[in-house]
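Please examine the sequence and the model shown here before reading on. The paragraphs after it are meant to be read alongside the structure.

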There are 2 protein chains.
Amino acid sequence: MNTVTIQDIAKAANVSKSTVSRVLNGTATVAEDKKKAVLEATKRLGFQPNIVARSLAKGRSMTIGVLTQLIGSPFYDTVAQGVIIGLRDTGYSPIFVDGQWQKNSEVEAIQALLGRRVDGLVLIGGGVAENEITQLCGSTPAVIVARKLNSESHRTIHMDNVDGGYRATRHMIEKGHQRIAIIKGLGHHPDAIDRFEGYRKAHQEAGLDIDPGLVLEGDFSADSGVAGVDKLLAEKTLFTAVFAANDMTAFGARLALYRKGIRVPGEVSLIGFDDQMEATYSTPPLTTVRQPAREMGQQAAHAVAALIDGEEFESQCVHGELVLRESVAPPPAD
Amino acid sequence: MNTVTIQDIAKAANVSKSTVSRVLNGTATVAEDKKKAVLEATKRLGFQPNIVARSLAKGRSMTIGVLTQLIGSPFYDTVAQGVIIGLRDTGYSPIFVDGQWQKNSEVEAIQALLGRRVDGLVLIGGGVAENEITQLCGSTPAVIVARKLNSESHRTIHMDNVDGGYRATRHMIEKGHQRIAIIKGLGHHPDAIDRFEGYRKAHQEAGLDIDPGLVLEGDFSADSGVAGVDKLLAEKTLFTAVFAANDMTAFGARLALYRKGIRVPGEVSLIGFDDQMEATYSTPPLTTVRQPAREMGQQAAHAVAALIDGEEFESQCVHGELVLRESVAPPPAD
DNA sequence: TTGTAAGCGTTATCAC
DNA sequence: GTGATAACGCTTACAA
């Protein structure tokens with residue numbers, strides 16, 4: 001293939017390698033005629049600079065390592081997309097590895113990235129200990145997205161999930177609901193825990209007790225939404241609203257309700273979390289807490305780029321936005 | 001950060017660079033004691049091989065370039081995910097660039113990949129001319145996914161979209177539908193054209209004429225599904241079934257129907273294409289033609305890996321599978 | 001302004 | 001078996 005090197009075009013243009021490099025990078029002024037000759041040869045021979053060699057020489061690889069967890073979750077995938085978008089026109093290309101939500105493979109993945117001498121890191125989610133991250137990354141700029149850290153040890157862009165859970169729940173309470181079921185996310189997942197905490201807080205603030213029978217386990221899957229509603233129904237627990245840990249779970253819950261012929265929002269109100277694309281088009285359109293996933297990814301991309309350039313970047317805590325659609329209504333009068 | 005090189009550990013282990021390289025790569029037998037010393041030093045100094053340098057020396061970068069189009073389409077994203085999964089344990093890491101469905105940026109994207117000296121290419125969708133691809137790639141192995149080519153010039157993994165469109169339509173015809181509307185995909189998109197061709201073929205085979213009023217333009221978006229149904233309704237066109245170009249469009253169509261209080265599948269049957277995750281949980285669960293997106297991506301990954309290793313790989317044409325759920329029923333008796 | 005030469009961290013080719 | 005030493009393709013002092 002294209003194995004034409006800087007040397008070849010040097011010869012063709014009757015100049016030295018250095019001169020070629022100079023005109024290609026604009027790193028110094030060269031005589032007009034030589035410049036022209038170089039450019040011409042470059043075009044004629046179809047020269048494509050070898051980024052690998054350039055990286056080795058400069059010590060910068062112009063690539064950003066992105067660690068995803070790849071559970072196929074719409075949310076995380078969207079964040080990753082945001083990173084790709086955010087990196088456009090920065091000159092950096094993203095290289096992806098996935099940790100599969102397992103600490104050891106996460107560490108390996110990060111090491112693989114570092115071995116490739118990425119100039120910066122974007123870590124989406126994950127569970128490796130903070131100090132371990134610090135140690136691994138060394139001086140490579142890193143930003144962590146969609147994960148709350150306990151310390152200020154790293155720049156992060158994450159969402160306030162307790163606030164999100166609080167807003168969702170409060171919205172339903174304001175509509176008049178008193179028996180709001182919650183189908184939680186993965187047990188140990190910080191986001192799930194925080195959203196539940198928001199649910200709790202909203203109840204407390206309203207002076208409402210939480211019936212333990214209304215709290216269902218889940219795992220962010222649609223299936224757990226189905227299971228949650230089925231359980232509620234099987235146990236004949238009274239409820240007029242359901243807060244699902246995320247939209248997928250809400251879709252599952254909605255389907256279970258549909259199967260029993262229970263109308264939404266006529267008989268039961270439903271609220272999700274994330275605002276993934278399909279939420280707009282579900283029937284009824286799903287009221288949900290929007291997480292700005294794509295924007296978070298984009299910001300993260302800009303952040304690493306800035307960090308690499310020696311600029312500073314402050315950790316961001318974004319807030320979810322309640323997206324009012326049609327799955328929430330006052331509880332039935334009965 | 002970790003700037004310890006092979007040289008450092010050579011010194012620490014009292015051997016030469018070459019020996020270190022040898023034990024690290026197992027490329028030749030070295031004395032037990034030296035081997036041990038090297039390994040020990042490697043661990044102790046926390047040595048991480050510099051992949052960039054290795055790539056330059058070996059002429060292989062151990063990375064696979066993946067060109068996506070990144071329209072945020074569930075289908076293409078899933079293919080990309082499949083590639084990531086398929087590359088696991090192959091030693092190759094994927095690096096992503098996106099062409100945004102524009103020929104010139106596609107070409108640039110591929111060039112960027114080639115400049116990084118990727119060992120292989122996976123091109124997902126896209127519209128660059130085949131001969132241009134050939135010319136660009138040179139001797140770099142490439143496989144094209146989710147795109148039908150006219151010639152045998154490249155290995156491809158794609159779906160038979162006319163067959164898919166045919167199956168979907170025939171299914172509805174078999175259920176007794178005679179007035180099946182279709183909301184097409186993007187006008188010039190080959191997949192859209194093929195699916196429509198399948199729709200036509202099924203009609204022809206059944207001896208059914210196609211009322212032009214039943215053929216709606218679309219663009220694979222949910223909005224175009226809404227618009228399609230709205231138009232049908234506004235023009236008072238009779239129809240008992242809708243074939244949407246993909247699931248997103250079907251979701252849009254379903255919502256438009258819902259808004260008018262038209263029951264699915266009681267009054268109107270609906271069929272989609274893709275079988276994206278949410279199709280299982282829509283209400284009613286959507287009957288659709290499943291495209292094995294993830295599998296296609298995985299296969300593509302294995303294919304490039306094989307190609308790089310000098311093995312052969314035959315182009316694959318997979319067939320969609322009709323996934324029977326609950327959105328199709330016989331037309332109302334009336 | 002321009003060329004020479006010394007790296008960048010590995011691997012590969014030699015001799016020994 | 002093992003160690004010099006020359007690539008790999010590019011950038012970047014350092015001279016001229």
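The text below treats a strand of chain A and then the contact between the chains.

This is a predicted model, in which local features need pLDDT of at least 70 and side-chain atom pairs count only at pLDDT 80 or more, while totals for chains, interfaces and linings use all residues. Residues are numbered from 1 along each chain as its sequence is written, and chains are lettered from A and ligands numbered from 1 in the order in which they are written.

Helices (H or I, at least four residues) and strands (E, at least two) are DSSP runs numbered from the N terminus. In strand 1 of chain A, residues 63-68, 6 of 6 residues are buried, that is, 20 or more other C-beta atoms, placed from the backbone, lie within 10 Å of the residue's own. In a regular strand, side chains alternate between the two faces of the sheet. One side of strand 1 of chain A carries A:Thr63, A:Gly65 and A:Leu67, the other A:Ile64, A:Val66 and A:Thr68, and both faces are covered.

Strand 1 of chain A pairs in the parallel sense with strand 2 of chain A over 6 bridges; pairing requires at least two DSSP bridges. There, A:Val66 has A:Phe96 as its bridge partner. Strand 1 of chain A also pairs in the parallel sense with strand 3 of chain A (residues 120-124), over 4 bridges, and A:Leu67 stands opposite A:Leu123.

Between the chains, 42 residues of chain A are in contact with 42 residues of chain B, contact meaning C-beta atoms, placed from the backbone, within 7 Å. Strand 2 of chain A gives the most to the chain A side, with 6 residues.

Note on methods:
Two residues are in contact if their C-beta atoms, placed from the backbone, lie within 7 Å. A residue is buried if 20 or more other C-beta atoms lie within 10 Å of its own, exposed if 12 or fewer, and partly exposed in between; C-beta atoms are placed from the backbone.
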